[in-house]
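Reader: I'm new to this one and would like a close look at a single part. Could you pick a helix and walk me through it, then show me the sheet as well?

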Amino acid sequence: MSGAGWDAVVIGAGVNGLVAAHYLARAGRRVLVVEQRQEASPALETGWIPPHIIRELGLASRGLRVAQPDPWIAAPLPAGGRLELWRDVGKSAEAIRRLSPADAARWPEFCLRMRRLAGVLEALYVQPPPDVESREVGELVRLARLGLHVRRLGKQAIIDLARILPMSVAELLDDWFANDTLKGLLGAAGVWHLKQGPYSGGTAFNFLHHHVGSPAGVFRPPRSNIAQVLTALPGVEIRRDAEATVVLGSDGRAAGVLLVQRHEQVEAPLVVSSADPRSTLWDVRGTLDPEFVHALSNVKCRGVVARGTLALDRPADFSTLCVAPSLEFLERAYDDAKYGRDSARPYVEAWAEDGRIDVHVQYVPFSDQKRTDEHRRALAASVGAALGAEPGRVTLHTPDDWERLYDLTEGHLYHGELTLDQILFMRPVPGWSRYRTPIDGLYLCGPGTHPGGGIAGAAGRNAAREILRKKRT
Amino acid sequence: MTSPIRYDAIVIGGGHNGLVHAAYLARAGKKVLVLERRPRVGGAAVTEEVFPGFKFSMFSYVVSLLRPEIIRDLSLPRHGLHILPLESTLTPMENGDYLAAWGDHDETRRELCRHSPRDAEAYDEYGRLMHHMAHAVKPILGMVPPDPTSLNPRDLFALLRLGRHFRGLGGERLHALVKLMTMSSADLLDEWFETDVLKATKAASGIIGTFLGPRSPGTAYVLLHHYMGELDGVFRAWGFAKGGTGSVSEAIAAAAREFGAEIRCDATVARVLVKGGRATGVALQNGDEISAPVVVSSLDPRRTFLQLLEGTALPEEFVADIRRFKFRGSSGKVNLALDALPNFTCMPGVGRHHRGAVSISPSLDYVERAYDDAKYGEFSRRPYMDIVFPSVIDPGMAPPGKHVMSIFVQYAPYHVNGGWTDAKRDAFGDAVIDTVEQFAPGFKSLILHRQVLTPADIERITGLSEGNIFAGELALHQLFFLRPAPGWAKFRTPVRGFYQCGSGTHPGGGIMGASGRLAALAVLGDGR
């Protein structure tokens with residue numbers, strides 16, 4: 001079946017695209033998902049899966065597995081050996097005590113306070129962002145309810161929220177801890193996918209963002225096979241090797257997509273894109289309000305993360321290995337990126353699961369100049385050195401690769417940095433945070449929208465619900 | 001010895017906020033005593049004849065934010081306040097070119113056009129937006145911050161009103177405000193302009209007094225300050241007080257005295273006397289005790305609570321918050337006596353550019369690299385500098401034919417590696433002078449005398465902790481109801497009868513006087 005007959009086309013078969021597609025399908029829509037990549041990535045998905053999605057799409061009975069590594073992280077110590085932190089708060093405290101008794105004493109309270117704040121974010125993330133401008137009664141009620149939710153957490157939580165969100169993760173951690181290894185491995189989560197160092201304001205928010213969905217005392221997001229489970233879930237058709245652009249009808253509405261390589265047009269009255277906002281809308285920008293286009297071109301999405309794999313000839317002796325020995329180490333790694341260079345000594349984290357080792361490297365800034373082989377060799381060497389492996393065993397994709405291969409704007413995997421000016425009602429573009437676009441019938445559902453990257457499927461679910469709500473009214 | 005006079009209130013510290021505070025209390029009929037540690041009032045807003053015949057605004061050197069209601073209420077012009085406009089800013093570039101902003105709008109536009117017609121176009125629109133934003137923020141400067149954790153109907157009502165105020169701005173301006181409050185100045189300016197030197201010069205004004213670089217989030221909102229002063233039509237963006245900033249303090253002191261306040265200099269307060277959880281007066285370093293039912297500190301939060309109240313039991317959480325309050329002084333000052341005005345390569349000769357500011361901020365990377373040095377505990381080898389020549393606008397500041405030059409320098413971290421020593425101070429001064437020399441060859445030979453002030457010197461002389469010129473960093477998490485500590489942002493303290501009125505309270509920063517005034521209103525309100 002092709003051509004006529006689709007109610008909706010979803011661009012992108014990543015987690016958000018598939019979640020949106022399945023929610024639409026469950027509401028009776030005939031949905032086609034088009035994906036430019038030939039094969040689904042075998043890598044695990046990093047990020048919290050809101051329980052609503054697991055429940056509503058019945059993922060538990062479809063083989064969903066969420067890895068629960070214990071210890072959840074290991075970090076080399078300067079004097080040799082490793083600091084290992086466990087899912088059990090007390091057991092972690094014991095491990096920390098060997099480095100700093102004072103830090104160990106503060107660990108349980110820190111875990112509790114951070115957990116409470118992450119809980120506030122979770123509540124915000126499973127619904128569309130609050131609309132602060134709206135004068136609708138329903139919206140005001142929702143805002144008031146949100147306010148009450150926060151107030152019920154008590155005085156300390158309100159103060160923490162106001163004080164910590166704009167802070168730098170370095171200031172936050174310095175308030176609590178003294179040990180560099182501990183602060184380094186925690187602080188690393190505060191700079192994920194940001195072209196900022198741990199001394200920059202707003203990184204404490206990014207730290208909490210990546211704590212969402214984890215139990216108290218675990219500061220790395222869960223990893224799961226949700227992408228594979230959603231791919232196998234019946235109800236939507238997925239067409240691969242199908243790079244798509246949005247097609248507008250003569251009335252200016254979205255009319256479907258054009259499968260570029262196949263010169264084939266798929267018609268549908270509803271197009272939902274999980275691609276990044278800029279690349280989704282760039283080709284039709286001539287039809288848009290210049291103010292909107294200006295705002296779109298101002299979205300900061302400066303890719304700084306390289307990802308890839310490490311091939312070891314022996315089984316990994318870790319589940320997560322973090323090489324970020326101190327906050328200053330992270331900041332210096334950022335300094336290089338600030339002036340357009342790869343970090344000479346990058347922050348490297350490796351995740352081992354089912355015999356596969358995925359690697360996260362930061363900072364590898366996007367650059368529109370061609371990356372030379374020399375650059376690649378230098379990067380592989382520095383990553384290999386960090387992990388104690390031969391450079392030849394490291395395979396990496398850089399932000400440049402992603403932009404070239406997949407049209408991902410500036411190679412930013414979150415489709416827009418999670419800075420305080422680009423979250424909630426400011427994401428992806430101020431005034432257009434509710435998954436709509438200026439083009440009727442075209443919606444966004446990727447990590448470029450609220451609540452952003454690192455949360456598996458929340459944007460897709462919020463977008464689908466928003467689309468369905470609109471159709472009803 | 002006990003003082004025979006009965007005072008209604010004692011104000012500790014005769015800086016501009018302490019003086020404003022005293023003036024307002026005295027104006028309401030209170031018998032007020034101001035105690036100042038140094039031989040003259042003013043705190044960091046003082047004029048001193050550092051070298052014979054050469055007068056300097058030693059620390060704070062420009063005025064822009066002094067609240068118009070204070071100027072009015074205290075009739076400051078009648079007491080000698082006279083602001084001379086600083087109209088231009090010249091930024092020398094490393095390639096020998098320059099960027100200039102003149103007092104005349106059309107001329108500035110033509111100059112910008114020379115660099116980028118697109119930027120010249122955007123400049124007016126940017127100015128309009130900033131003007132609107134300044135309007136949006138202005139009411140906040142004049143309000144007592146409500147406590148969002150309180151269930152008191154007054155707080156709830158104030159919060160609600162605040163919410164309505166922001167919603168009333170409408171989408172576009174609200175979004176712009178969120179961006180201003182959260183972005184880095186470099187990122188915000190990138191959205192508007194393409195000329196690097198323009199962005200660098202504007203961004204530099206966003207880092208003054210902070211320990212952040214132009215690419216650090218949280219620096220954008222300081223850009224607003226430039227537009228605040230203009231709002232009230234009292235004076236232009238930045239001004240220079242005739243006679244130096246000390247004359248601002250003197251004018252406020254004169255107003256306070258006229259209302260009946262007593263000001264005592266060379267009077268160091270050792271501690272605040274507390275009995276049964278209530279302030280009863282102060283003890284001076286010389287052993288004298290003076291009692292009053294109300295004691296107000298204009299010192300920064302660290303010295304107010306950890307020094308003046310040493311030994312007094314305070315809530316543990318509160319003390320932890322005050323200890324956590326960040327100072328991290330990041331700026332220094334170099335004051336020079338000159339034989340003649342320097343000759344800048346980019347604009348040879350003596351000209352009207354000497355009547356304005358000269359900004360050493362040739363590129364964003366230049367300013368960012370200056371920050372990189374500081375981040376790791378060194379002073380900037382090539383610092384950002386804001387230079388003015390007060391004697392050109394106000395000839396009384398120097399002997400005939402000679403000049404004074406004021407250089408505000410960033411970054412000079414308080415916590416410099418190895419600590420500040422005489423040798424390090426000299427090295428810092430040399431770095432400043434060598435950098436100016438690069439843009440104005442021959443400048444060194446014009447220097448008759450030099451005074452170099454590091455953050456450690458600023459702390460030693462003015463008492464400002466860690467030499468922070470704002471009495472506590474103006475970072476988002478240290479503003480409004482969090483300044484200086486959550487739950488204690490309304491000028492009251494855990495000790496009854498003891499208040500705070502310095503720049504370490506809301507709204508803080510600059511020669512604004514708003515803290516002193518708002519605190520006075522709080523004290524008077526409690527007295528009723």
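Author: Sure, and keep in mind that this is a predicted model. Let's begin just past the end of a helix: A:His193, which follows H8(A), has a positive phi, near 60°. Now step back into the helix. H8 of chain A covers residues 180-191, twelve in number. From its first C-alpha to its last it reaches 16 Å, close to the 16 Å expected at 1.5 Å a residue. Is it mostly covered or mostly open? H8(A) is mostly covered, with eleven of its twelve residues buried. Among them are the glycines A:Gly184, A:Gly187 and A:Gly190, along with A:Leu182, A:Leu185 and A:Leu186. A:Lys183 is on the buried list too, and so is A:Val191.

On to the sheet. Chain A has an open sheet of five strands, in the order S8-S2-S1-S12-S18, with parallel pairing. Strands S8 (237-239) and S18 (442-444) stand at the edges with a single partner strand each, so one side of each has no neighbour in the sheet. On average, neighbouring strands are turned by 20° against each other, direction ignored.

Look further in, and you'll find S1 (residues 8-11) joined to S12 (residues 270-273) by four bridges, the two strands running parallel. One pairing to look for is A:Ala8, whose bridge partner in S12(A) is A:Leu270. Helix H1 (residues 15-26) of chain A packs on this sheet, where it touches S1, S2 (31-34) and S12. The direction of H1 makes about 170° with that of S2(A).

How values were computed:
Residues are numbered from 1 along each chain as its sequence is written. Chains are lettered from A and ligands numbered from 1 in the order in which they are written. This is a predicted model: local features need pLDDT of at least 70, side-chain atom pairs count only at pLDDT 80 or more; totals for chains, interfaces and linings use all residues. Two strands pair if DSSP finds at least two bridges between them. Axes are lines fitted to C-alpha atoms, for helices over the stretch in contact, and angles run from 0 to 180 degrees between N-to-C directions. Two residues are in contact if their C-beta atoms, placed from the backbone, lie within 7 Å. The expected span of a helix is 1.5 Å times one less than its number of residues. A residue is buried if 20 or more other C-beta atoms lie within 10 Å of its own, exposed if 12 or fewer, and partly exposed in between; C-beta atoms are placed from the backbone.
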